[in-house]
Amino acid sequence: MCGLFPPCLTLEKPLLKQFVFIWIYRFLTLPLIVLATPVFVWRMRKRGGYAEGFVTRFGFGHSMPRKREGIQRIWLQAVSLGEMLAMEPLLLELAKDPRKEIVLTATTSTGYAMAKEKYSDLAICIAYFPLDFWAFSHLAWGSIKPDLAVVAETEIWPEYLEQARKRRVKVVVVNGRLSDSGHRSMKRLAGLFRRQIGSLSRVLAGSELDGERFRSIGILAERIDVVGNLKIDADFEPVVGLEERRVLRDAHGLGDNFILLGASTWSGEEEVLLTALKELRKEDPNCKLLIVPRHGERRGEIRQMLKECAGSLRYHFKSDGLPEAEVDIMVCDTHGELRVLTQLADLALIGRSLPPHREGQTPVECGALGVPIVMGAGMSNFRSIRTQLLEVGAAVQVVDRVDAVAVIVELFGDRERRERMAVAGKVWHQANRGAVQRTVEAIDKELAS
């Protein structure tokens, strides 16, 4: 046995476990990828948009210029469309420095499409993040050759970090957070890939709670800084003026009426909103509902629900084009529009927050844009932001679906309270900005060292 491993591994059981873990992980990853391929192909066909750049998932096909003398290359990874938007102010700041060049990767097709559309002039290469198998990750690292790797939120992949460790490339986590379930999983596994976690030279946590959770999985306290949430620093442009707001409302068939927004809804939440709309229309028959589902490909499920439950209410899906006449329910099942559509609303229910969902979608846009917020208790992905919004009075938390409907009806009848909530959200947003500058300063320190 002693002859099979280096001396350090035979002496230290934790090191031996970590050495064995990465090889077990490597042996298991490829079969798991093969087994997951049918599901992956199904999602590709359902969502669409995966064809372009697809080979970069396997670590090759990057259109990469040669590295230049005196220029530091940063590999910036954001998972999906939401993380890509959150990283936008950081990307803009980094791109201002002529001594830096950015390689930008995403995991989802929507994130990739957003990057290609908005950031092609800021990054020297836009690609998919490689699947976390040894050969794919090895090829990607060899092609990109970064001086620093920056990952968003919870992108802690064992092979990715092992490749960074072998190449002595520092990895910085920005907007760092660990959800309840993610924290439990990491605590169970952290001892096995602590060697890879050691590649994280800096964790820039979004909140004190997140910082504590990263410490609990074995990251040294001196490597963790709480800098705030990048999503709060996002520039919420374009800000819609009163006249443009009226034009957009008319274009979406909503008119000059009270509008209830379902922001990034998940399964089951559209039914709650429909119930709330029916209750609101008992008070005002002109109330409208604007639904923006988190995943546009759920349009078939939502259409069937409306067909069965909407009764005489008129509904329209934006994927069919803009409506020709006024409607009662508008479903915006297209991507990248929530920021503008939020500004059309008078009150919003945050998606993925009602039982059985527990994670929550971001309430930052509604708060920053002055839209009063209703959200369920299931906001574990945005725990600190939820607490702040509740404390300043910009949001109301509900316990279940019945309570959500009751609170929506109550707020509809209290315009003065809604106005106070709108002001509180905007004040909260301005008071909590600054995370981007603190993040850029931390990245510069890592590059300098």
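**A tour of the second largest pocket and the seven-stranded sheet**

The second largest pocket holds about 690 Å³ of space. The model is predicted, and the tour starts at this pocket before turning to a sheet.

Select R245, Q343, A345, L369 and G370: among the 29 residues that line the second largest pocket, these lie nearest its centre. Next, select helix α18, residues 415-431, and helix α11, residues 242-251; each supplies at least two residues of the pocket lining. The greatest contribution to this lining comes from α18, with eight residues. Colouring the lining of the second largest pocket by residue class then gives 13 nonpolar, six polar and 10 charged residues.

Now display the strands β8 to β14. They form an open sheet of seven strands with parallel pairing, and the order across the sheet is β10-β11-β9-β8-β12-β13-β14. To find its edges, select β10 (315-317) and β14 (395-398), each of which pairs on one side only. From one strand to the next, the twist averages 20°.

Remain at the β14 edge and add β13, residues 373-376. Strands β13 and β14 pair in the parallel sense over four bridges. Within this part of the sheet, select G376 and then V398 of β14: the two residues stand opposite each other.

Which helix lies across β13 and β14? Select residues 383-392 to display helix α16, which lies across both strands and runs at about 115° to β14. With α16, β13 and β14 shown together, the tour ends at an edge strand of the sheet, β14, which pairs on one side only.

How values were computed: Residues are numbered from 1 along each chain as its sequence is written. This is a predicted model: local features need pLDDT of at least 70, side-chain atom pairs count only at pLDDT 80 or more; totals for chains, interfaces and linings use all residues. Side-chain values use heavy atoms; hydrogens and water are left out. On a 1 Å grid over the protein atoms alone, a cavity is a set of points where a 1.4 Å probe fits but cannot get out, and a pocket is an open set with protein on both sides within 12 Å along at least five of seven lines; lining residues have an atom within 4 Å of a point. Grid points are joined across faces, edges and corners, and a volume is the space filled by probe spheres set on the points. Ala, Val, Leu, Ile, Met, Phe, Trp, Tyr, Cys and Pro count as nonpolar, Asp, Glu, Lys and Arg as charged, and the others, Gly among them, as polar. Two strands pair if DSSP finds at least two bridges between them. Axes are lines fitted to C-alpha atoms, for helices over the stretch in contact, and angles run from 0 to 180 degrees between N-to-C directions. Contact means heavy atoms within 4.5 Å.
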